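This report describes selected features of one model, beginning with its aromatic rings. Keep the sequence and the structure in view while reading.

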Amino acid sequence: MPPQLMTSPFVQASAASPSRPVGQSLLQIVPSTACLHCDVCCRFPESTSFLRPFFTADEIQSAVKAGLSPGLFPDAGGAQIELVPNPSGEGYLCPAFDPATSECRIYAVRPLDCRLYPFALMWNAAHTEVLLGWDTKCPYMRDLRSAPIEQAAEDVAQWIEAEATVETLARYPRLIGRFQDDVIVLRPLARVTERLQQGKLRVRTQPLTIQDRPRLESALAESPGAQETPLAAASLAFHYIWRHRLTYSWADLHGHLCLFADSPDGIFLVLPPLGKGPVVDSVAAAFRFMRERNGQSPVTRMDNVSEASVAELRAAGFVVTAKEPDYLYAAADVAELAGDAYRSPRAACNRFLREQGGVFEPYDPRDRLACLSLFQQWREQKQQAGTDDWAQALLEDASGAHEAALSGYEELGLTGAVVRVEGRIRAYSMGMWLNESVFCVLLEVADRDMVGAGPFIFREFCRQARDKGAWWINTMDDSGLPSLARAKHWYRPARLLPNYTVTEPRR
């Protein structure tokens, strides 16, 4: 959400007299008295919120001259501002916001993103048309009559579609946000749409829905490396459970299915183009599409590229960089934990059975609330044990992913299991088949106060997969967390599956 619109150097508009554009300045439809008592604007639930304001290169220079640190802007050529922790509560604040006075420290030079608010620029859901709307998160606007909103919208629309503003938006396409259900659409902006689409690749994207699962899985099955030992990311569920954080869409480019994710910093390709045959033409088209959507944002990339595609991509001139690998285990080994190499995890399982007598059972939808309660307990245990900022951020994000997996496990094709001790769920796990011989453990949570609960459910879950034909168990990567890496190495991985990120060469 843009920084709060505080005491203006211009005359404030009233409900009866909506704002009027004057030169390069937009007068505000919301009076300062309302803004100064608002507890919504300038505050964000997470540090990477896509609603944090975007600054152009000139706006960054002005903000720095007004007192903001250059380090708050990842790219001096244009970027969303970095947020800071709220010193008096949860969440994050725009660093230009003064919580003591509820004023903006750089109000006179605030960016266009903020000057427009509570009006908002966004693409429609299909990303084919730029729209002007108003944000229902603004409490003042919710109580305002439609007539002054319409009048102000007409004035704002005329200002936006003026040549100078249109050129600014064309240079900085990230000023136009992604579609939001809680923004009331007022009118399309034809000149802006035409200018931004001029000369650009025409790509028809479709929102990813659960009905796309057969299409995606069919394309995955035909992709390079699918019949061997694919990465965990080569599955619908791996991505679909993160829809609370990312907006997914797909498009057909040169006969390949391309799966994109819209993040706070722009759109990126979450997998190589899926399907049969060479992918270089599809990759080139996808990168052009991302550049046109993202501008200069460094988010433009292709993630989760397996070893099977690397030679082709490097030969075509793309930059291929290794990231954290997936951990792959022999199913027979982790299902039995036999021999000296597995002495410690085997002893933990034996102690759990001896002291707790846990029972391994299939997950049932009626277990959802108990599992979510265990997740909250587990997260608190992890926090009390001490986590760094990155681990803490991952824990916060994971809540929505676990909720999505537990709620939609059947439609996502997941397999689940729980461990009960005296009738109470003390561990749960979710996984999926990547192909006929590779099973992936997607989620695992165990009560950290109950020694051996984690090793026990992991062993039993792997044993169940082995009995159904699994040769290999994939447990994904370690997210760059040393503690998670140690835990994964404890089970003696047979292989580390290379995983790569691909970018274009510097121009």
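In this predicted model, there are 12 aromatic pairs. One of them joins F375 and W378: the ring centres are 5.6 Å apart and the planes meet at 45 degrees, so the pair is tilted. Tilted pairs are those whose planes are neither under 30 degrees apart, which would count as stacked, nor over 60, which would count as edge-to-face. Both residues belong to helix α14, which covers residues 368–385, and they are 3 residues apart, about one turn of the helix.

Are these two residues buried or exposed? F375 has a relative accessible area of 0% and is buried. W378 has 15% relative accessibility and also counts as buried, because the cut-off for buried is under 20%.

Ring pairs also link residues into a cluster, made up of Y329, F458, W490 and Y491.

Rings can also have a charge placed over them. The table lists two such cases.

| Charged residue | Ring | Distance from charged end to ring centre |
|---|---|---|
| R110 | Y107 | 3.8 Å |
| R178 | F50 | 3.9 Å |

The next topic is a sheet. Strands of a sheet pair through backbone hydrogen bonds, and the pairing may be parallel or antiparallel. Here, 3 strands form an open sheet in the order β10-β11-β12, and their pairing is antiparallel. Which strands stand at the edges? They are β10 (119–123) and β12 (183–188); each has a single partner strand, so one side of each has no neighbour in the sheet. On average, neighbouring strands of this sheet are turned by 40 degrees against each other, direction ignored.

Strand β11, residues 130–135, pairs with β12 over 5 bridges in the antiparallel sense. L131 has P188 in β12 as its bridge partner. Helix α5, residues 146–160, packs on the sheet and touches β10, β11 and β12. The direction of helix α5 makes about 55 degrees with that of β12.

Three single residues complete the report. The first topic is R43, which lies in strand β3 (residues 43–44). With a relative accessible area of 25%, R43 is partly exposed, because this value falls between the limits of 20% for buried and 50% for exposed. Which backbone oxygens lie by the side chain of R43? The backbone oxygen of C41 is 2.8 Å from a polar atom of that side chain, and the backbone oxygen of C38 is 3.4 Å from a polar atom of the R43 side chain. R43 and T193 are 150 residues apart in sequence, and their C-alpha atoms are 30 Å apart in space.

S249 is part of strand β14, residues 247–253. S249 counts as buried, at 14% relative accessibility. What does S249 touch, not counting residues up to four places away in sequence? The residues are T205, Q206, P207, L208, C258, L259 and F260.

S282 is found in helix α10, which covers residues 280–294. The relative accessible area of S282 is 1%, and S282 is buried. Leaving aside neighbours within four places in sequence, S282 is in contact with L253, H254, H256 and P273.

Conventions: Residues are numbered from 1 along each chain as its sequence is written. This is a predicted model: local features need pLDDT of at least 70, side-chain atom pairs count only at pLDDT 80 or more; totals for chains, interfaces and linings use all residues. Side-chain values use heavy atoms; hydrogens and water are left out. Rings of Phe, Tyr and Trp (its six-membered ring) pair if their centres lie within 6.5 Å; planes under 30 degrees apart count as stacked, over 60 as edge-to-face and the rest as tilted. Helices (H or I, at least four residues) and strands (E, at least two) are DSSP runs, numbered from the N terminus. Buried means under 20% relative accessible area, exposed over 50%, partly exposed in between (1.4 Å probe, protein chains only). A charge sits over a ring if NZ of Lys or CZ of Arg is within 6 Å of the ring centre and within 35 degrees of the ring normal. Contact means heavy atoms within 4.5 Å. Two strands pair if DSSP finds at least two bridges between them. Axes are lines fitted to C-alpha atoms, for helices over the stretch in contact, and angles run from 0 to 180 degrees between N-to-C directions. A polar contact is a pair of N or O atoms within 3.5 Å; within protein, one must be able to donate a hydrogen and the other to accept it, and residues adjacent in sequence count only if both atoms are side-chain atoms.
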